[in-house]
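Student: I have just opened this model, and I would like a close look at one part of it, the open sheet. Could you take me through it slowly, strand by strand, and then show me a little of what lies elsewhere?

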Amino acid sequence: MNYFLKILGGGREVGRSAIEIGNGDYSVVMDYGVNFDEKDNPNFPLQEQPNKVKGFIISHAHLDHVGALPIYQIGSLNTKIYGTVVSRVITEVMLKDFLKLSGPKVPYEWIEVRKAMDNFIAVNYGEEFEIGGFKAALYNAGHIPGSAIIKVITEKQIIAFTGDINLTETKLMKPADLNGLKDVNVLVMESTYGKFNHPSRREVEDEFYEKVLEVVEGGGTVLVPAFSLARSQEILSVLAERNFPYPVYYDGMSRELTEIMLGFREFLNRPDLLKKAYDEFHYVKGWEDRHRAWKDKGVIVASAGMLKGGPAVYYFKKLSENSKNAIFLVSYQAINTPGRKLLEMGKFDEYSPLLKARLEIFDFSSHAGRRHLLDIVKASSNIEKVVLVHGSPDNEDSLADLIRREIGVDVITPENGQEISL
């Protein structure tokens, strides 16, 4: 029987991750996410005939990996979904929030989200399970709590998909477990940072902490726009570890997600730090707290990480006019987002005044950099083919050249819709 990979999303782009493995009769799909166009409209992956798809396996709960899952629950469909227990709980939170924010632009409703959760089967790391005609297993990917490398075994080959992966130890996560990759023949790998190596995490944390102290002790307030899922918890843990002596506020969906994470401590690297942050820092409960927070000399960690919305935009407007304050970006800033415009133009958008507050960006990435991505490929002694996804064309091409040069294997950088024969 001949098997194939088909790129339903994530080909030559970041996000909208969706990778199909199949033969002529049936298939499974790894991830099924969304990304957004310039006008913030959601882009969904390509679709396969519903009767062919025997199930989904989810690498982790970020929206660009799970946002389209309920499409395969519409009407009489009851498609099984597999992932870790943390991914199951967080996926529900993320899908409900997505529907609340983008409802009219989304082709499913609450009932399909509910069905997706009812059909979501939690599996443990290292536990082999059957899906359709395949065997599969998950291994810690080191990206966010519950994130997984997906391994699929066919009659002929062993295929792995990294999802989003990180080999750097962080406060939140231990590095990825590459033991599951030893016998892999085909590796589908993210390439978000295919051109770049990250600085040492300890150096980034030190610099961030010193500069936060500098601003606050100079009479200012630091706004840290951060993703609610994982980045906010990482920043709060960094401040908690060092016993930051000034007020820290956090705002947005991060509290609910922190509580979920603390319910699954075995998935965390330093649950003690996250618990300390949860107990000691101030959660912003409403507008009265919000008004108090920006006037208090301290740190505010708030979503959204790219300043596209959420409470971070309110704080930005209150803090941006004073040169004593600072905006410290700690997340990837996508093209056409206010965060990217701040970095490129020094202003929130073309109609805004120039930013007077101090602006800096810190590399707290939870994705593997160029050298670590190469190490991931080297983890398999049986590697025959590498398929690069979830990266811009320049990042994918640069990494593909490096892998071909240093390892000498076949590397493909497919477009969406492309089918790769196995």
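Tutor: Of the elements in the chain, strand E4 (residues 35–36) has the lowest mean pLDDT, 94, while strand E13 (residues 186–190) has the highest, 99. This is a predicted model, and the chain as a whole has a mean pLDDT of 97, with 100% of its residues at 70 or more. Where pLDDT is low, predicted coordinates should not be read in detail.

Now to your sheet. It is an open sheet of seven strands, and their order across it is E8-E7-E6-E3-E2-E1-E22. The pairing is mixed. In general, strands of a sheet pair through backbone hydrogen bonds, in either a parallel or an antiparallel way. At the edges sit strand E8 (120–122) and strand E22 (419–421), and each of these pairs on one side only. From one strand to the next, the twist averages 25°.

Let's start at the E22 end and walk inwards. E22 pairs with E1 in the antiparallel sense, and three bridges connect them. To find this pairing on your screen, look for Lys-6, which stands opposite Glu-419 in E22. Strand E1 covers residues 4–9 and is mostly covered, with five of its six residues buried. E1 also pairs with strand E2 (residues 18–22), again antiparallel, this time over five bridges. A handy marker here is Phe-4, which stands opposite Gly-22 in E2.

Further along the order we reach E3 and E6. Strand E3 (residues 27–30) runs parallel to strand E6 (residues 53–57), and four bridges join them. You can follow this pairing through two of its partners: Ser-27 is matched with Val-53 in E6, and Val-29 is matched with Phe-56 in E6.

How enclosed is E6? Four of its five residues are buried, so E6 is largely enclosed by the rest of the structure. Next, E6 is joined by two bridges to strand E7 (residues 81–83), and these two strands are parallel as well. In that pairing, the partner of Ile-57 is Tyr-82 in E7.

With the sheet traced, here are two other places to visit. One is empty space inside the protein. Rolling a probe the size of a water molecule over the atoms shows where such space is left. The structure holds one cavity of 30 Å³ or more, and the largest cavity contains about 50 Å³ of space. Its lining is made up of Thr-168, His-198, Pro-199, Ser-200, Arg-201, Asp-363 and Ser-365. Sorted by class, that lining has one nonpolar, four polar and two charged residues.

The other place is a loop. Ile-407 lies between helix H12 (393–406) and strand E21 (410–412). Is Ile-407 buried or exposed? The cut-off helps here: buried means under 20% relative accessible area and exposed means over 50%. Ile-407 has a relative accessible area of 25%, so it counts as partly exposed. You can also compare its position with that of Ile-383: these two residues are 24 apart along the chain, and their C-alpha atoms are separated by 9.5 Å.

Technical notes:
Residues are numbered from 1 along each chain as its sequence is written. This is a predicted model: local features need pLDDT of at least 70, side-chain atom pairs count only at pLDDT 80 or more; totals for chains, interfaces and linings use all residues. Side-chain values use heavy atoms; hydrogens and water are left out. Two strands pair if DSSP finds at least two bridges between them. Axes are lines fitted to C-alpha atoms, for helices over the stretch in contact, and angles run from 0 to 180 degrees between N-to-C directions. On a 1 Å grid over the protein atoms alone, a cavity is a set of points where a 1.4 Å probe fits but cannot get out, and a pocket is an open set with protein on both sides within 12 Å along at least five of seven lines; lining residues have an atom within 4 Å of a point. Grid points are joined across faces, edges and corners, and a volume is the space filled by probe spheres set on the points. Ala, Val, Leu, Ile, Met, Phe, Trp, Tyr, Cys and Pro count as nonpolar, Asp, Glu, Lys and Arg as charged, and the others, Gly among them, as polar. pLDDT is the predictor's confidence in each residue, from 0 to 100. Buried means under 20% relative accessible area, exposed over 50%, partly exposed in between (1.4 Å probe, protein chains only).
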